[in-house]
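Let us walk through this structure step by step. We begin with a strand and work outward to the contacts around it.

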Amino acid sequence: MTTSAPSPASDDPAHYPGLRTDEAEHRALAHGWTTVRMLPPGSVVTMEHLEGRLNFEVEDGRVRRAWSG
């Protein structure tokens, strides 16, 4: 029996807001995201899409918003 690796495609970023940043990062990596980027509110971000990256807008140690790319 083969076991497939976790895939970020099956992990919805909508489940992350409200989580503590350490918990969110651990969960994201366990679900197959290769890069987790944490940004303060209002940060200027590049518009390039990076496959496997999960972005978090964080404030007061919690995820406010999450999106892929």
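This is a predicted model. Start with strand β2. Six of its seven residues are buried, so β2 is largely enclosed by the rest of the structure. The strand covers residues 53-59.

What lies on either side of β2 in the sheet? Strand β1, residues 35-39, is joined to β2 by five bridges. Those two strands run parallel. One bridge pairs L39 with E57 of β2. Strand β3, residues 62-68, pairs with β2 in the antiparallel sense. Six bridges hold that pairing. Among the partners, E59 is matched with R62 in β3, and E57 stands opposite R65 in β3.

Now look at the turn. β2 and β3 form a hairpin with two residues between the strands. D60 takes a positive phi there, near 55°.

Next comes the nonpolar core. In soluble globular proteins, nonpolar side chains tend to be buried together. The largest nonpolar core here has 11 residues. They are Y16, L19, A24, A28, W33, V36, L54, F56, V58, V63 and A66. Three elements give two or more residues each: α1, β2 and β3. Which of them gives the largest share? It is β2, with three residues.

Follow F56 out of that strand. Leaving aside residues up to four places away in sequence, F56 touches a long list of others. From the core, the list includes Y16, A24, A28, V36, V63 and A66. It also holds charged residues, including E25, R37 and R65. M38, L39 and W67 are on the list too.

One of these contacts deserves a closer look. A pair of aromatic rings is described by the distance of the centres and the angle of the planes. A search of the whole structure finds one such aromatic pair. Which two residues form it? They are Y16 and F56. Their ring centres are 5.2 Å apart, and the planes meet at 40°. The pair therefore counts as tilted, as the angle is neither under 30 degrees nor over 60. It links distant parts of the chain. Y16 sits in the segment before α1 (21-30), F56 sits in β2, and 40 residues separate them. Are these two residues buried or exposed? Both Y16 and F56 are buried.

Y16 has a second partner. The charged end of R27 sits over the ring of Y16, 4.9 Å from its centre. A similar arrangement involves W67: R65 lies over the face of W67, at 3.9 Å from the ring centre.

The segment before α1 also holds P13. P13 has a relative accessible area of 16%, so it counts as buried. Its C-alpha atom is 5.6 Å from that of W67, although the two residues are 54 apart along the chain. Beyond its neighbours within four places in sequence, P13 is in contact with L54, A66, W67 and S68. Of these, L54 and A66 belong to the largest nonpolar core.

Turn last to the charges. Side chains of opposite charge can pair when their charged atoms come close. How many salt bridges does a search of the whole structure find? There are six. One of them joins R64 and E59, at 2.7 Å from N to O. R64 is partly exposed, with a relative accessible area of 45%. E59 is partly exposed as well, at 36%.

Another salt bridge joins E57 and R65, with the closest N and O atoms 3.9 Å apart. Here the two ends differ in exposure. E57 is buried, at 13% relative accessible area, whereas R65 counts as partly exposed, at 43%. R65 is the residue that also lies over the face of W67. E57, E59, R64 and R65 are linked in a network of salt bridges.

A further salt bridge joins R20 and D22. Their closest N and O atoms are 3.2 Å apart. R20 is partly exposed, at 39% relative accessible area, and D22 is partly exposed, at 47%.

Key
Residues are numbered from 1 along each chain as its sequence is written. This is a predicted model: local features need pLDDT of at least 70, side-chain atom pairs count only at pLDDT 80 or more; totals for chains, interfaces and linings use all residues. Side-chain values use heavy atoms; hydrogens and water are left out. Rings of Phe, Tyr and Trp (its six-membered ring) pair if their centres lie within 6.5 Å; planes under 30 degrees apart count as stacked, over 60 as edge-to-face and the rest as tilted. Helices (H or I, at least four residues) and strands (E, at least two) are DSSP runs, numbered from the N terminus. Buried means under 20% relative accessible area, exposed over 50%, partly exposed in between (1.4 Å probe, protein chains only). A charge sits over a ring if NZ of Lys or CZ of Arg is within 6 Å of the ring centre and within 35 degrees of the ring normal. A nonpolar core is a set of buried Ala, Val, Leu, Ile, Met, Phe, Trp, Tyr and Cys residues joined through side-chain atoms within 4.5 Å. Contact means heavy atoms within 4.5 Å. Two strands pair if DSSP finds at least two bridges between them. A salt bridge is a side-chain nitrogen of Lys or Arg within 4 Å of a carboxyl oxygen of Asp or Glu.
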